Amino acid sequence: MEAYKLWVRRNSEFVHSLESLANGITWLLPERFSNSEIGSEAVYALLGIISTVNQHIIDTSPTRMRPHGFGKSTFPWSLCVSALKDVETVVEVAAQQFVGEERKWNYLAVTEAVKVFVRLTAFHDSGYKMLLQGGELVNMDERLEVSRAYHARNGDSGVSGGYNRPEHIHGYHGSIPRSLEGRAISALSRFGENAKMASNPMWLNKLCLSSEATPALLFEKPTFSTLWFQKGLSGRLFLTGEVLSVLRPLIYVLFIRRYGIRSWKPWLISLAVDLAGMNLLSHSTTWHCRSNDKFYQLSTYEKDELKRRKLVWALYIMRDPFFSQYTKHHLEKTDRYLSRIPLLGFLTAKLAELIVGAQTRYTYTSGS
């Protein structure tokens, strides 16, 4: 096992390329979206778990610089969240095949409940910091990353330069986001950090000296009582908003189980929970501007996370009953119009087939 870990760490770029290629090929497997075929989904889930484990091996390299005050590594909750998301699709397909469409929601509800437990535990262990990518990425202090970059620039022997350069941003917050919007936002963040450090080295030196002078205060984890009672209304708004974000998928599944996938009630209630959670988070992070309550100032990655959550709202057009009543009609209309163009028509038909197939899977459109 140690030999495999060493090989993965030495060939991280090759491993990432190989995983991306394998995951892409699985989308072309026959019967990918068939109710009676769980083999391709099992293969895709297995590849996803292997990819997650490999990224965890890279992120836990012993040459990585660890933050002051964090002590020994805690349980890898981010690894559990990623594995659960990969397994959930197999659970859905298997349940649909063996117990039917209606009863599969019982198994999905159990799976979502487990994810809620894991995410809330990760939320507690992180010191009640915002969950990035639903808990798949580790939310660490942004100033630690600047300190790492500073030490790497000055040739600190205790820091592995290869892993701490700005282009290896996954070393700071876990794995690179697999979603397209996550990768785009991550690239913009890297560009901004590079520009900031290159244009203002004095700012970097002062920040690093400050972080070295007060490591205990910089990385002290707040407790629930600190946020709920001592931080006032902003702390309560933040905790409530983040908990609503974690509970939203479970609430959605429970209402589908009660009213059915074709009912508007689960769709509207899920949207209402999303909007309420985002509104509470927005108020909690801006409250200090009006009341001198400096409870929570968003880091660059937490701002990116809020943008990502808003982008995920686009999945509502892929969920029934909105999809079957509106989106599917426009998709079929576009497909018929472009089918007259030889190459473009073929590509459009294939894309429409993939979209319609993916829409039949709760796990592909749930946003959880």
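Eleven aromatic pairs occur in this structure, which is a predicted model. One of them joins W264 and W267. Their ring centres are 5.2 Å apart and their planes stand at 80 degrees, so this pair is edge-to-face. Both residues belong to helix 14, three residues apart, about one turn of the helix.

W267 also pairs with F322. Here the centres lie 5.7 Å apart and the planes meet at 5 degrees, so the rings are stacked. This pair links distant parts of the chain: W267 sits in helix 14 and F322 in helix 17, 55 residues apart.

How do the three rings compare in exposure? The table gives the values.

| Residue | Relative accessible area | Class |
|---|---|---|
| W264 | 28% | partly exposed |
| W267 | 10% | buried |
| F322 | 23% | partly exposed |

The limit for a buried residue is under 20%. W267 counts as buried because its value is 10%. F322, at 23%, is partly exposed.

Which residues do ring pairs link into a cluster with W264? The cluster holds W264, W267, Y316, F322 and Y326. Y316 has a charged partner as well: R319 lies over its face, at 4.2 Å from the ring centre. A similar arrangement involves R258, which lies over the face of Y259 at 5.0 Å from the ring centre.

**The loop before helix 17**

The peptide bond from D320 to P321 is cis, with omega near 5 degrees. P321 is in the loop between helix 16 (300–312) and helix 17 (322–338). Helix 17 is also the element that holds F322, the stacking partner of W267.

**The nonpolar cores**

In soluble globular proteins, nonpolar side chains tend to be buried together. The largest nonpolar core here has 18 residues. Those with the most contacts inside it are F123, Y128, M130, L131, F238, L239 and L306. Four elements give two or more residues to this core: helix 4 (77–98), helix 5, helix 13 (232–259) and helix 14 (264–286). A second, separate core has seven residues, including W105, L108, Y252 and I256.

Y128 deserves a closer look. Where does Y128 lie? Its place is the loop between helix 5 (104–125) and helix 6 (142–153). Y128 counts as buried because its relative accessibility is 12%. Leaving aside neighbours within four places in sequence, Y128 contacts F123, P222, T223, F224, L227, F238 and L239. Among these, F123, F238 and L239 are also listed with Y128 for the most contacts inside the core.

The backbone of Y128 is notable too. Its phi is near 60 degrees, a positive value in a residue other than glycine. Q133 has a positive phi as well, near 55 degrees, and is not glycine either. Q133 is found in the loop between helix 5 and helix 6. At 11% relative accessibility, Q133 counts as buried.

**A buried glutamate**

Is E88 buried or exposed? With a relative accessible area of 3%, E88 is buried. The residue is found in helix 4. Not counting residues up to four places away in sequence, E88 touches L108, T111, E112, K115, Y362, T363 and S368. Of these contacts, L108 is also a member of the second core.

**Helix 18**

Helix 18 covers residues 342–359. At 1.5 Å a residue, its 18 residues should span 26 Å, and its end C-alpha atoms are 26 Å apart, which agrees. The buried residues of this helix are G345, T348, A352, G357, A358 and Q359. They pack against helix 17 and helix 19 (362–365).

**Confidence**

The mean pLDDT of the chain is 74, and 68% of its residues reach 70 or more. Which element has the lowest confidence, and which the highest? Confidence is lowest in helix 7 (residues 161–164), at a mean of 38, and highest in helix 5, at 94.

Two stretches fall below 50. Over residues 65–73 the pLDDT is below 50, and the stretch has 14 contacts in the model beyond near neighbours in sequence. Residues 155–218 are also below 50, with 103 contacts beyond near neighbours in sequence.

Terms used:
Residues are numbered from 1 along each chain as its sequence is written. Side-chain values use heavy atoms; hydrogens and water are left out. Buried means under 20% relative accessible area, exposed over 50%, partly exposed in between (1.4 Å probe, protein chains only). The expected span of a helix is 1.5 Å times one less than its number of residues. Contact means heavy atoms within 4.5 Å. A nonpolar core is a set of buried Ala, Val, Leu, Ile, Met, Phe, Trp, Tyr and Cys residues joined through side-chain atoms within 4.5 Å. pLDDT is the predictor's confidence in each residue, from 0 to 100. Rings of Phe, Tyr and Trp (its six-membered ring) pair if their centres lie within 6.5 Å; planes under 30 degrees apart count as stacked, over 60 as edge-to-face and the rest as tilted. A charge sits over a ring if NZ of Lys or CZ of Arg is within 6 Å of the ring centre and within 35 degrees of the ring normal.
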